[in-house]
Amino acid sequence: MNFEIDEQQRDFASSIDAALGAANVPAAVRAWADGDTAPGRKVWNQLAELGVTALLVAEKFDGIDAHPVDAVVALERLGYWAVPGPVTESVVVAPLLLGDDERSAALASGESIATVALPPQVPYAVNADFADLVLLAGDGQVADAVAGAAHDSVDPARKLFEVSAPGATRNADTARAYEFGVLGTAAQLIGAGQAMLDQSVAYAKQRTQFGRVIGSYQSIKHKLADVHIALELARPLVYGAALALADSAPDTARDVSAAKVAAADAALLSARSSLQTHGAIGFTQEHDLSLLLLRVQALRSAWGDPTLHRRRLLEVL
């Protein structure tokens, strides 16, 4: 069985990297955390031009109706660059909850950005103050919602909001939407973990200690190699879960939870190794590594923490 993505998907990932690499995303994340979302909105406009926001929207609403694997390809790159905003919620969850709602067209074009709360696993809606559309879902129903009290997150760019739905509800496949939310978060964790590994490898080649670059020490080589292996073992689980979702396989919940656990553990290992490799500079807010460290901590608990998904795995097995 071949788990490699095809040439078209690799080109798609490269186009996202090229756009985000030139967009100064770290500055947009810092501005977002301070309440200025304008730079972040420009980043989202670029994603819309690339078709990222239209991936899971139906073709009749000018969407792409893409395969879940294509969504994973995109979300991994968005995780790599730590794009601010409700990425998973708007790109892969909201299109499923809206279904035949004509507002899906605004999602596809990037005119609208959505966020979602899906209690009890997802009790708060991230960035509900910024989102154009807030949805509250659960038990096969979804409704338009309004933001309430705000709560700080470990990641300042991911403020959490209580939401309420004063209006009518409508039918939606909330169970499938939840699985996509978990998968999208796992893909972002893989991307963030890879970004920290790449930064650590580059830093290890230039930082010196006792007259030698630290990358020449076996302990550093082994530590970074362990992260690489963890990411490479987790990535196929994420793509395997995407295939399970595409086929509505009976073991979808098992595969999605396994992907989230493996991705969360690999990203955490990458975070710890990155801090050890960078030393004190890695703790500073001025260093871009800090943005990824906080994002990983936030995404580990988003859409169900590893404990919840390990429990779900045990129940299935």
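Visitor: Over residues 7-85, what is the percentage of helix in the chain?

Guide: Keep in mind that this is a predicted model. The stretch comes from an unreviewed UniProt entry, where the annotation "domain: Acyl-CoA dehydrogenase/oxidase N-terminal" covers residues 7-85. Its end C-alpha atoms sit 29 Å apart. Strand comes out at 0% there, and helix at 63%.

Visitor: How many helices and strands are there in the chain, and what is its radius of gyration?

Guide: The count is eleven helices and nine strands. For 317 residues the globule rule gives 20 Å, and the chain comes close to that, so it is as compact as a globular protein of that length. The C-alpha trace spans about 70 × 45 × 35 Å along its principal axes. As for the radius of gyration, that's 19 Å.

Visitor: What share of the 317 residues counts as buried?

Guide: Here buried means under 20% relative accessible area. The accessible surface of the chain adds up to about 13,800 Å², with 52% of it belonging to carbon and sulfur atoms. Going by that cut-off, the buried share of the residues is 53%.

Visitor: How far does helix α9 reach from its first C-alpha to its last?

Guide: Helix α9 runs over residues 252-278, which makes 27 residues. At 1.5 Å a residue you'd expect 39 Å, and the model comes close, with 38 Å.

Visitor: Is α9 mostly covered or mostly exposed, and which residue follows it?

Guide: Of its 27 residues, 19 are buried, so α9 is mostly covered. The residue after α9 has a positive phi, near 75°, and that residue is G279.

Notes:
Residues are numbered from 1 along each chain as its sequence is written. This is a predicted model: local features need pLDDT of at least 70, side-chain atom pairs count only at pLDDT 80 or more; totals for chains, interfaces and linings use all residues. Side-chain values use heavy atoms; hydrogens and water are left out. Helices (H or I, at least four residues) and strands (E, at least two) are DSSP runs, numbered from the N terminus. The expected span of a helix is 1.5 Å times one less than its number of residues. Buried means under 20% relative accessible area, exposed over 50%, partly exposed in between (1.4 Å probe, protein chains only). UniProt positions are given in the numbering used here, feature names are shortened, and annotations may be inferred rather than shown by experiment. The radius of gyration is taken over C-alpha atoms; the globule rule is 2.2 Å times the number of residues to the power 0.38. Accessible areas come from the Shrake-Rupley method with a 1.4 Å probe; for residues, only the protein chains shown count as cover.
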